[in-house]
Amino acid sequence: MRFKILLLLILFVSKVQSQTSKSEKIDSLINSSITLKNFPGAQLFVKFKDSIIINKSYGFHTYDSIIKVKQKHVYDLASLTKVLASTFSIMKLYDEDKLQLEDKVSDYFPELKRSNKKNTTIFQSLSHTSGWIPYISHQNFIKNRNGNLKKSIVRTKIDKRFSIKMNNNLFLKNTYSKKLFKRIKKSKLNRIDSYDYSGLFFFYVPNLIYKMTGYTFENYFKNTFINKKEITLTFNPTKIFSKDKIVPSEYDSIFRKGLIHGFVHDEAASFMGGVSGNAGLFGNAEGVGSLLSFLESNSTMFKQSTIQKFTSYAFENSQIRRGLGFDKPYSNNDYGEYPNKNLSKTSFGHTGFTGTMFWVDPEKKLTIVLLTNRVYPSRKNESFYTNNVRSKLIDLLIKI
C-alpha cells in the first residue's frame, strides 16, 4: 500500500515538474520575443480540455516600459474581426435558416447586380474564392497631389457633415463610405473559385446584418454573443476603456500622422467609424477564448452541423486552405506547414495583421489565443514572422 502511495506521489511530482518546465519554456519564448523586439508585450490564453491552463500577460504596451500589460487590457484584434464578429454573425443567421450559403451577395445588395460581382455567393465570399481583389487602399484617395489631405473629405474639427472620427484630430465626411463601396463595386474580378484572400466582402457584412435583423452590426453582435457571457470584446474601445487599458498599435505615417491608440489600426475600417466587418474589434485574450467556447461540442449557441460546416475545409482534397470564414492548416512545398505541422486537420483559426492569432484544435481539445501589437512602432518590423513566434508557441503547447 505504501509503495502504491509513493508511486502515485512520484508520478504527481513528475507531472508538476513537467508542467512547470513547459510553463518556463513558454515564458522564455514570449520574453525572448519581447527582448528581440518582435513585440513590446503580449497576452496568452490557453485552454486544454475543460480547463484554462494559461491566462497570462507579458511585457509592456510599448518599448518605453511604462504601462505593463494586464489581463483586462485590450488589443486591436485586426482581421480576427472577420471571424469573431462577421463570421459568427453569419453563422448564427445560417443556423437559424435565415440565410443560405448559396445566396448571392447581390440578392441583399441590388447595386451589385449591375457589376462583375452579380453572381458572387456567400459561400465564395467566406471561402475567399469569389475572385474579389484582396484589398483597396482607400486612404490613398483622400490626398491631393502634394500629399495633403483633401479638405472636401477630411476636416480637423467635427461638425454635422464631418463627424466620422478617425482619431482625435481627423473627421471624415459622413457620406464618404458611399465612395468606398463604389470602388469595391467597380474593382476588377480575378479568377473565380481560385483561392485569393480578400477582405472586401466583409465591408458589406454590417449592412447585411442590419438588413436581415433590424439591428446594427455592433448591437447584433453584442446582444447575440457578448452579453451572453459578459465577454471583453468591443468596437471603439474608448467608449468604455480609459486609454491606459488600451494597447496602442502603430505610428501611422500615411494620413493620421500619429500613434494609433484607441482607434482601429486598419485604415479602411477607420473610414467606417471603427465598426467594420473586416476589422475594428478590440479585446483581451480571455475574451477571445471565451467567445470561442461557443464553438465547443457542448455549446448551445450553434448546431453542431453548423460548426462542422464552417470550420471544415470548404473544399476537400484541395490546396485551398480555408473553411468558411475560418483559416485551416495546410502543407505547401514552398512554405512548409501552416501554422504548425502538429495541429490536426480538424483545427481552425485566424490571424490578424497587428500580431494576433487564435487557433482551436477540437481533436486535441486545445484552444490558443495570442495577442500582440507587433506593428508597434511600425509594420515594417517583420521579426515576428521571421522568428516564427506563433509556430514555436504551438510547438510548446501541443505537447501538453
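I take contact to mean heavy atoms within 4.5 Å. The model I am consulting is a predicted one.

**Entry 1: Lys 243**

I began with Lys 243 and asked which residues it touches beyond four places away in sequence. Under that contact criterion, Lys 243 touches Asn 168 and His 261. I located Lys 243 in the loop between β7 (233-235) and β8 (251-252). Its relative accessible area is 35%, so I entered Lys 243 as partly exposed. I also looked up its separation from Ser 344: the two residues are 101 positions apart in sequence, and their C-alpha atoms lie 39 Å apart in space.

**Entry 2: Ser 276**

I next turned to Ser 276, in the loop between α8 (267-271) and β10 (281-283). Is Ser 276 buried or exposed? The relative accessible area of Ser 276 is 1%, and buried means under 20%, so I recorded this residue as buried. Leaving aside residues up to four places away in sequence, I listed its contacts as Thr 81, Phe 203, Pro 206, Phe 217, Phe 235 and Ala 269. I noted a polar contact of 2.5 Å between the side chains of Ser 276 and Asn 278. Ala 85 is 191 residues from Ser 276 in sequence, yet I found a C-alpha to C-alpha distance of 9.2 Å.

**Entry 3: helices α2 and α7**

Ala 85 led me to helix α2, where this residue is among those that meet α7. Helix α2 spans residues 80-95 and helix α7 residues 217-229. I read an angle of about 70 degrees for their packing, with the axes 10 Å apart. I therefore described α2 as roughly perpendicular to α7. From α2, I listed Leu 84, Ala 85, Ser 86, Phe 88, Ser 89, Lys 92 and Leu 93 in this contact. From α7, the listed residues are Phe 217, Tyr 220, Phe 221, Thr 224 and Phe 225. Sorted by class, the contact comprises eight nonpolar, three polar and one charged residues. Phe 217 had already appeared in my notes as a contact of Ser 276.

**Entry 4: helix α9 and Ser 299**

I then examined α9, which is mostly covered, with six of its eight residues buried. The buried residues I noted are Ala 285, Gly 287, Val 288, Gly 289, Leu 291 and Leu 292.

I continued into the loop between α9 (285-292) and α10 (304-311), where Ser 299 is placed. Ser 299 has 14% relative accessibility and therefore counts as buried. Which backbone atoms does the side chain of Ser 299 approach? I found a polar atom of this side chain 2.9 Å from the backbone oxygen of Phe 294. I also found that the side chain of Ser 299 reaches the backbone nitrogen of Met 301 at 3.1 Å. Not counting residues up to four places away in sequence, Ser 299 touches Ser 293, Phe 294 and Gln 304.

**Entry 5: two strand pairs**

I closed with the strands. Strand β1 (residues 41-48) and strand β2 (residues 51-59) run antiparallel and are joined by eight bridges. I noted Ser 57 as the bridge partner of Gln 43. The hairpin of β1 and β2 has two residues between the strands, and there I recorded a positive phi near 60 degrees for Lys 49.

Strand β5 (residues 162-165) and strand β6 (residues 171-173) also run antiparallel, and I found three bridges joining them. The hairpin from β5 to β6 passes through five residues. Opposite Phe 162, I located Lys 173 in β6.

Key:
Residues are numbered from 1 along each chain as its sequence is written. This is a predicted model: local features need pLDDT of at least 70, side-chain atom pairs count only at pLDDT 80 or more; totals for chains, interfaces and linings use all residues. Side-chain values use heavy atoms; hydrogens and water are left out. Helices (H or I, at least four residues) and strands (E, at least two) are DSSP runs, numbered from the N terminus. Buried means under 20% relative accessible area, exposed over 50%, partly exposed in between (1.4 Å probe, protein chains only). A polar contact is a pair of N or O atoms within 3.5 Å; within protein, one must be able to donate a hydrogen and the other to accept it, and residues adjacent in sequence count only if both atoms are side-chain atoms. Two strands pair if DSSP finds at least two bridges between them. Axes are lines fitted to C-alpha atoms, for helices over the stretch in contact, and angles run from 0 to 180 degrees between N-to-C directions. Angles under 35 degrees count as roughly parallel, over 145 as roughly antiparallel, 65 to 115 as roughly perpendicular and the rest as oblique. Ala, Val, Leu, Ile, Met, Phe, Trp, Tyr, Cys and Pro count as nonpolar, Asp, Glu, Lys and Arg as charged, and the others, Gly among them, as polar.
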